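Let's take a friendly walk through the inside of a protein model. Have a look at the structure first, and then we can go through some questions together.

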Amino acid sequence: MNAAPQPLPFLKGHGTENDFVIVPDPDGRLDLSATDVARLCDRRAGIGGDGLLRVVRCAAHPEATALADEAEWFMDYRNSDGSVAEMCGNGVRVFARYLERAGLAEAGDLAVATRAGIRRVHLAKPGPDGTPGDITVDMGRALLPSGEITVTVGERSWPARNVNMGNPHAVAFVADLADAGKLFDAPLVSPADAYPAGVNVEFVVDRGPRHVALRVHERGSGETRSCGTGACAVMVAAARRDGVDPAVTGSPVRYTVDVPGGRLVIAEHPDGTVEMTGPAVIVAEGVIDPHWLATAD
């Protein structure tokens, strides 16, 4: 006789309101299909989230075993539609916060493996009142593929900058964030072959010196309240537009990036490394009914 399926533990967290279902699976025993992920991320019939973070030891995941000497933990990130993604900047911060909460990491430095490679994370110590400290993530170096990109919403089009932060972005500077429209559907980006696996699209306005704000459509999720890799892509695009390239000036540059869900600080260093600093919060934990997860609609 087969044992009854066991409840599946989960947590819910967010980074600047980019929210995630967190599923601890240290030994890599779960086989979550795209349909499972989409059901869990459903905001009406599931737990709800912009994506799902599965917490797996590198040694237990076939995509991460080669990174096991550099990091213990692998962030298996999925978009809310169940599709696999290379990276998620806000997700890395929430992932690190979970590890801290679970006693698997302490304040200080931590390495997290992702499909885009190793990400170095620094967890600041809590404040005197116990408020969790911000988390800084080394997001790697931006790639700036050549070629002209155009973003279109309705009858309006804008030139965009192609920036890759381990995942692809098209960054368009606009006069008003309302120009992006409702962002329920993905904006048209051309040429289509510039992004064969789809693209995240950021619409950006200036707020002040080295201070910008954005709205974003994330591939596989729609408009979200924040996108960490998108904020980094925006910062790099803004710095190049403003004629500030740390590799040329020899000095780091820092931008404040407002997202609908809060504020991030993004810095680029002369060696090309991009760092993102912001909050990460765990808001709930519980168990998923295994019978519900196993029963299709």
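Q: Which residues have the most contacts inside the largest nonpolar core?
A: Keep in mind that this is a predicted model. Its largest nonpolar core has 53 residues. Those with the most contacts inside this core are M75, V121 and I266.

Q: Which helix gives the most to this core?
A: Nine residues of the core come from a single helix, which spans residues 228–241. The helix that gives the most is helix 3.

Q: Which residues does I266 touch, not counting those up to four places away in sequence?
A: I266 is among the residues with the most contacts inside the largest core. Leaving out residues up to four places away in sequence, I266 touches A231, C232, M235, V253, R254, Y255, V257, V274, E275 and M276.

Q: How many residues make up the other core?
A: This core lies apart from the largest one. Among its members are V151, V174, Y195 and F203. Its size is 17 residues.

Q: What is the angle between the planes of F20 and Y77?
A: The count of aromatic pairs comes to two, and F20 and Y77 form one of them. Their centres are 6.0 Å apart, and planes over 60 degrees apart count as edge-to-face. This pair is edge-to-face, with an angle of 75°.

Q: Why does the F20 and Y77 pair tie together parts that are apart in sequence, and how many residues apart are they?
A: F20 lies in strand 2 (residues 18–24), while Y77 lies in strand 4 (residues 73–79). The pair therefore ties together parts whose separation in sequence is 57 residues.

Q: Is F20 buried or exposed?
A: Buried means under 20% relative accessible area. F20 has 0% relative accessibility, so F20 counts as buried.

Q: Which residue forms an aromatic pair with W158?
A: W158 lies in strand 9 (residues 156–164), and its partner lies in strand 12 (residues 200–208), so the pair ties together parts that are 45 residues apart in sequence. The pair is edge-to-face, with 5.9 Å centre to centre and 85° between the planes. W158 is buried, and so is its partner. That partner is F203.

Q: What is the volume of the largest cavity?
A: The structure holds one cavity of 30 Å³ or more. Y77 is one of the residues that line the largest cavity, as are N79 and R219. The volume of this cavity is about 60 Å³.

Q: How many residues of the cavity lining are charged?
A: The lining of the largest cavity includes E86, E218 and R219. Four of the lining residues are nonpolar and three are polar. The number that are charged is three.

Conventions
Residues are numbered from 1 along each chain as its sequence is written. This is a predicted model: local features need pLDDT of at least 70, side-chain atom pairs count only at pLDDT 80 or more; totals for chains, interfaces and linings use all residues. Side-chain values use heavy atoms; hydrogens and water are left out. On a 1 Å grid over the protein atoms alone, a cavity is a set of points where a 1.4 Å probe fits but cannot get out, and a pocket is an open set with protein on both sides within 12 Å along at least five of seven lines; lining residues have an atom within 4 Å of a point. Grid points are joined across faces, edges and corners, and a volume is the space filled by probe spheres set on the points. Ala, Val, Leu, Ile, Met, Phe, Trp, Tyr, Cys and Pro count as nonpolar, Asp, Glu, Lys and Arg as charged, and the others, Gly among them, as polar. A nonpolar core is a set of buried Ala, Val, Leu, Ile, Met, Phe, Trp, Tyr and Cys residues joined through side-chain atoms within 4.5 Å. Buried means under 20% relative accessible area, exposed over 50%, partly exposed in between (1.4 Å probe, protein chains only). Helices (H or I, at least four residues) and strands (E, at least two) are DSSP runs, numbered from the N terminus. Contact means heavy atoms within 4.5 Å. Rings of Phe, Tyr and Trp (its six-membered ring) pair if their centres lie within 6.5 Å; planes under 30 degrees apart count as stacked, over 60 as edge-to-face and the rest as tilted.
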